[in-house]
Amino acid sequence: MATLIGGPSAVMQATPEVQKICDEIKHHAETKAGKKFAVFVAKSFTTQVVAGTNYFIKVNVGGDEFVHLRVHKSLPHSGQKLHLESIQTLKTQQDLIEYF
């Protein structure tokens, strides 16, 4: 099935690049969630090309608990840093990564 322009990509297994994104925004995720995460391991993700890239990332935060992150990565010329747009807590491994 082809990806629609501006639509989300297929779900992919997390890559080292996606884990690096998670490492960079972990503090912001903890602040938004209101708690510390002992574990913060990216498991899978989708992307959406906009004015930059939105990453929707499923992250294991310990045991059977997951969070979903929406992280925006601006185009290189903008000079902006990664930005955690939103976080969904209390997710499971089976929960689909959807736009939020």
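What share of the 100 residues in this chain is buried? Buried residues make up 39%. Keep in mind that this is a predicted model.

Let's start with the layout. The chain has one helix and five strands. From the N terminus, the order runs β-α-β-β-β-β. The radius of gyration is 13 Å, close to the 13 Å that the globule rule gives for 100 residues, so the chain is as compact as a globular protein of that length. Along its principal axes, the C-alpha trace spans about 35 × 35 × 25 Å.

Now the contacts. Take those with a separation of 6 or more in the chain. Of these, 46% join residues 24 or more positions apart.

Next, the inside. In soluble globular proteins, nonpolar side chains tend to be buried together. Here, the largest nonpolar core has 18 residues. Among those with the most contacts inside this core are Phe40, Ile57 and Val59. Val67, Leu69 and Val71 belong to that group too. Which elements supply at least two residues each? They are α1 (16-33), β2 (41-50), β3, β4 (65-73) and β5 (83-91). Helix α1 gives the most, with five residues.

Look at Phe40 for a moment. Leave aside its neighbours within four places in sequence. Phe40 is then in contact with residues including Cys22, Ile25, Ala29, Val59, Val61, Val67 and Leu69. Polar residues such as Gln19 and Asn60 are on that contact list as well.

Now two residues of strand β3. Lysine 58 sits in this strand, which covers residues 52-62. Lysine 58 is buried, yet has no salt bridge. Why not? A salt bridge needs a side-chain nitrogen within 4 Å of a carboxyl oxygen. The nearest side chain of opposite charge, aspartate 95, is 5.8 Å away, so lysine 58 misses that cut-off. What does the lysine 58 side chain reach instead? It reaches the backbone oxygen of aspartate 95, at 2.3 Å. Beyond four places in sequence, lysine 58 also touches residues including Val41, Phe66, His68, Thr92 and Ile97.

Asparagine 54 is in strand β3 too. Is asparagine 54 buried or exposed? Its relative accessibility is 8%, so asparagine 54 counts as buried. Its side chain makes a polar contact with the side chain of histidine 72, at 3.0 Å. Asparagine 54 also touches Thr46, Thr47, Gln48 and Val71, again not counting residues up to four places away. Finally, arginine 70 lies 16 residues from asparagine 54 along the chain, and their C-alpha atoms are separated by 6.5 Å.

Technical notes: Residues are numbered from 1 along each chain as its sequence is written. This is a predicted model: local features need pLDDT of at least 70, side-chain atom pairs count only at pLDDT 80 or more; totals for chains, interfaces and linings use all residues. Side-chain values use heavy atoms; hydrogens and water are left out. Helices (H or I, at least four residues) and strands (E, at least two) are DSSP runs, numbered from the N terminus. Buried means under 20% relative accessible area, exposed over 50%, partly exposed in between (1.4 Å probe, protein chains only). Lys and Arg count as positive and Asp and Glu as negative; His and the chain ends are not counted. A polar contact is a pair of N or O atoms within 3.5 Å; within protein, one must be able to donate a hydrogen and the other to accept it, and residues adjacent in sequence count only if both atoms are side-chain atoms. Contact means heavy atoms within 4.5 Å. A nonpolar core is a set of buried Ala, Val, Leu, Ile, Met, Phe, Trp, Tyr and Cys residues joined through side-chain atoms within 4.5 Å. The radius of gyration is taken over C-alpha atoms; the globule rule is 2.2 Å times the number of residues to the power 0.38.
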